[in-house]
Amino acid sequence: MVNIPSMELPWFKAQYESGKRDFARRGFEDLHFHGLRLTDVVFAHVHASRADFALSSLTDCDFEGADLTETSFSRASLSRCRFEGATTAGWNLRHVQARDCDLRGVDMGGVALGEASLEGCDLSDLDLRSVSGLHSSTLRLAKLRRVVMEGQYLAGCDLLMADLTAADLRGADLSFANL
């Protein structure tokens with residue numbers, strides 16, 4: 001794995017602007033991608049713990065199997081991104097606007113959502129019991145098949161037209177939820 005320190009962000013930008021899109025298996029630990037617009041980038045199996053994608057716009061990016069521990073996507077816009085099997089402990093998704101992203105196989109333990117929109121995203125088979133901020137989030141049209149939200153505070157959560165097939169909602173507070 002090649003590690004790219006924070007001072008090398010100009011290198012990343014130059015590579016991206018020259019047409020390079022495959023950064024698989026590289027190290028982006030502590031790198032600030034803050035506010036970048038990225039399309040069709042492969043970050044599969046990268047080590048990007050504590051990276052900052054806040055306020056960025058990411059479209060069709062692949063983070064499959066990436067280590068995104070304590071990474072921030074706060075206020076980012078994500079469209080059709082793949083995170084399948086990514087390590088996401090301590091992930092900050094507050095105020096993220098995600099649409100049609102694949103989050104299957106992601107460990108959501110300790111993830112902070114607060115007013116996040118995960119519209120049309122696939123969270124099937126995930127355990128969301130320790131996710132904070134679901135009550136103020138939008139999961140409209142999301143695929144939540146077999147998801148575990150037992151005991152979650154979902155008051156005010158937008159679940160309109162979400163696929164809740166076999167979802168475990170035992171003890172969940174659904175008052176004022178949009179179903």
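Tutor: Contact here means heavy atoms within 4.5 Å. The model is predicted.

Student: Which residues does Ser 137 touch, not counting residues up to four places away in sequence?

Tutor: Ser 137 sits in the segment after E7. Its partners come from elsewhere in the chain, as residues up to four places away in sequence are not counted. The list is Leu 113, Gly 114, Glu 115, Ala 116, Cys 157 and Asp 158.

Student: Is Ser 137 buried or exposed?

Tutor: Its relative accessibility is 2%. The cut-off for buried is under 20%. Ser 137 therefore counts as buried.

Student: Which backbone atom does the side chain of Ser 137 reach?

Tutor: Ala 116 is among the residues that Ser 137 touches. The side chain of Ser 137 comes to 3.4 Å from an atom of that residue. The atom is the backbone nitrogen of Ala 116.

Student: Where is Ala 116, and is it buried or exposed?

Tutor: Ala 116 lies in the loop between strand E6 (97-99) and E7. Its relative accessible area is 1%. Under 20% is buried, so Ala 116 is buried.

Student: Which residues is Ala 116 in contact with, leaving aside its neighbours within four places in sequence?

Tutor: One group comes before it in the numbering: Leu 93, His 95 and Val 96. The other comes after it, and includes Ser 137. That second group is Ser 136, Ser 137 and Thr 138.

Student: In what order do the five strands of the open sheet run?

Tutor: The pairing is parallel. Neighbouring strands are turned by 5° against each other on average, direction ignored. The order is E3-E4-E5-E6-E7.

Student: Why is one side of strand E3 and of strand E7 left without a neighbour in the sheet?

Tutor: Strand E3 (37-39) and strand E7 (117-119) stand at the edges. One side of each is free of a neighbour in the sheet because each has a single partner strand.

Student: What is the bridge partner of Thr 59 in E5?

Tutor: Strand E4 (residues 57-59) and strand E5 (residues 77-79) run parallel. Three bridges join them. In E5, Thr 59 is partnered by Ser 79.

Student: Which residues have the most contacts inside the largest nonpolar core?

Tutor: This core has 55 residues. Helix H1 (residues 9-17) gives the most to it, with three residues. For contacts inside the core, the leaders are Phe 43, Phe 73 and Phe 83.

Student: Which Phe residues is Phe 73 in contact with, leaving aside its neighbours within four places in sequence?

Tutor: The contacts of Phe 73 include Trp 91, Asn 92, Leu 93 and Val 96. Leu 58, Leu 68 and Leu 78 are also among them. The Phe partners are Phe 53, Phe 63 and Phe 83.

Student: Within what arc do the buried residues of H1 fall?

Tutor: The buried residues of H1 are Leu 9, Phe 12 and Tyr 16. They line one face of the helix, because seen down its axis they fall within an arc of 55°.

Student: Which residues are exposed on the other side of H1, and which strand is included in what covers its buried residues?

Tutor: Pro 10 and Glu 17 are the exposed residues on that other side. The cover over the buried residues of H1 includes E3.

Student: What is the phi of Arg 75?

Tutor: Most residues other than glycine have a negative phi. Arg 75 is not a glycine, yet its phi is positive. Arg 75 lies in the loop between E4 and E5. Its phi is about 60°.

Technical notes
Residues are numbered from 1 along each chain as its sequence is written. This is a predicted model: local features need pLDDT of at least 70, side-chain atom pairs count only at pLDDT 80 or more; totals for chains, interfaces and linings use all residues. Side-chain values use heavy atoms; hydrogens and water are left out. A nonpolar core is a set of buried Ala, Val, Leu, Ile, Met, Phe, Trp, Tyr and Cys residues joined through side-chain atoms within 4.5 Å. Buried means under 20% relative accessible area, exposed over 50%, partly exposed in between (1.4 Å probe, protein chains only). Helices (H or I, at least four residues) and strands (E, at least two) are DSSP runs, numbered from the N terminus. Two strands pair if DSSP finds at least two bridges between them. Axes are lines fitted to C-alpha atoms, for helices over the stretch in contact, and angles run from 0 to 180 degrees between N-to-C directions. A polar contact is a pair of N or O atoms within 3.5 Å; within protein, one must be able to donate a hydrogen and the other to accept it, and residues adjacent in sequence count only if both atoms are side-chain atoms. The arc is that of the directions from the helix axis to the C-beta atoms.
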